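Here is a short report on a predicted model. Please look at the sequence and structure first.

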Amino acid sequence: MRELLTERLARYVPDQLALDYPEASVLVPVTDNAGAPEILLTLRSENLSTHRGQVAFPGGKRDASDPSLAHTALRETHEEIGLPPDQVHLISPLSQVISRYGILVTPYVGVVPADHPLTPNPHEIESIFHVPVEFLLEDRREHTDVLPFLDNTYYVPSYRWQGYRIWGLTAVVLVDFLNAVYDARINLLEPRQR
């Protein structure tokens, strides 16, 4: 899995946004099963002040002491789901995105063991689950959210996996990953053609 991701993301040029916004980063954890890779996601606690009860990648805001955004993603992942940084093989950043709260988010793709025990931090995370990449590539979206943002309209897939709703910024990052690694050709700037 590492070799595939490294090879395909080496050709990918992520969009970097030159904006003076508060920064955050997330990890896009891909399990190391070559034949059936999965994406690891979390359901955020209902007790949080933002994005409560939503599906998200592990990650969070950059601390002043974080030497890099990659470090932020690894630190936050360890805090949220108990996955130590030495269990993550970072591959590459994806395109930056802006949250609806005005946070500039940098996603990092990382390969993680499929069988490493994970423990959700009960203050932040309700549950941890895996979604097969194959399911996402089939683009079996439940519906498409039409989201105006800045000067564009985005047509963002909303997926349903085992009761979890995957939408918004998380879906945007997933689409970027699928397009970069698997050439999924999911266009967020045009309505879906059936």
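The report covers one strand with its partners, then the nonpolar cores, then a surface patch.

This is a predicted model: local features need pLDDT of at least 70, side-chain atom pairs count only at pLDDT 80 or more, and totals for chains, interfaces and linings use all residues. Residues are numbered from 1 along each chain as its sequence is written, and side-chain values use heavy atoms, with hydrogens and water left out.

**Strand S1.** S1 spans residues 23-31. Eight of its nine residues are buried (under 20% relative accessible area, 1.4 Å probe, protein chains only). Strands are DSSP runs (E, at least two residues), and helices are H or I runs of at least four, both numbered from the N terminus. Strands pair if DSSP finds at least two bridges between them. The partners of S1 are these:

| Partner of S1 | Sense | Bridges | Opposite residues |
|---|---|---|---|
| S7 (residues 104-112) | parallel | nine | Leu27 and Tyr108 |
| S4 (residues 59-61) | antiparallel | three | Ala24 and Lys61 |

**Cores.** A nonpolar core joins buried Ala, Val, Leu, Ile, Met, Phe, Trp, Tyr and Cys residues through side-chain atoms within 4.5 Å. The largest has 40 residues; Ile39, Ile166 and Phe177 touch the most other members. Helix H4 (residues 168-182) gives the most to this core, nine residues. Another core, of 11 residues, lies apart and includes Leu69 and Leu83.

**Surface.** Leu17 sits in the loop between helix H1 (2-10) and S1. Leu17 is partly exposed, at 31% relative accessible area (partly exposed lies between under 20% and over 50%).
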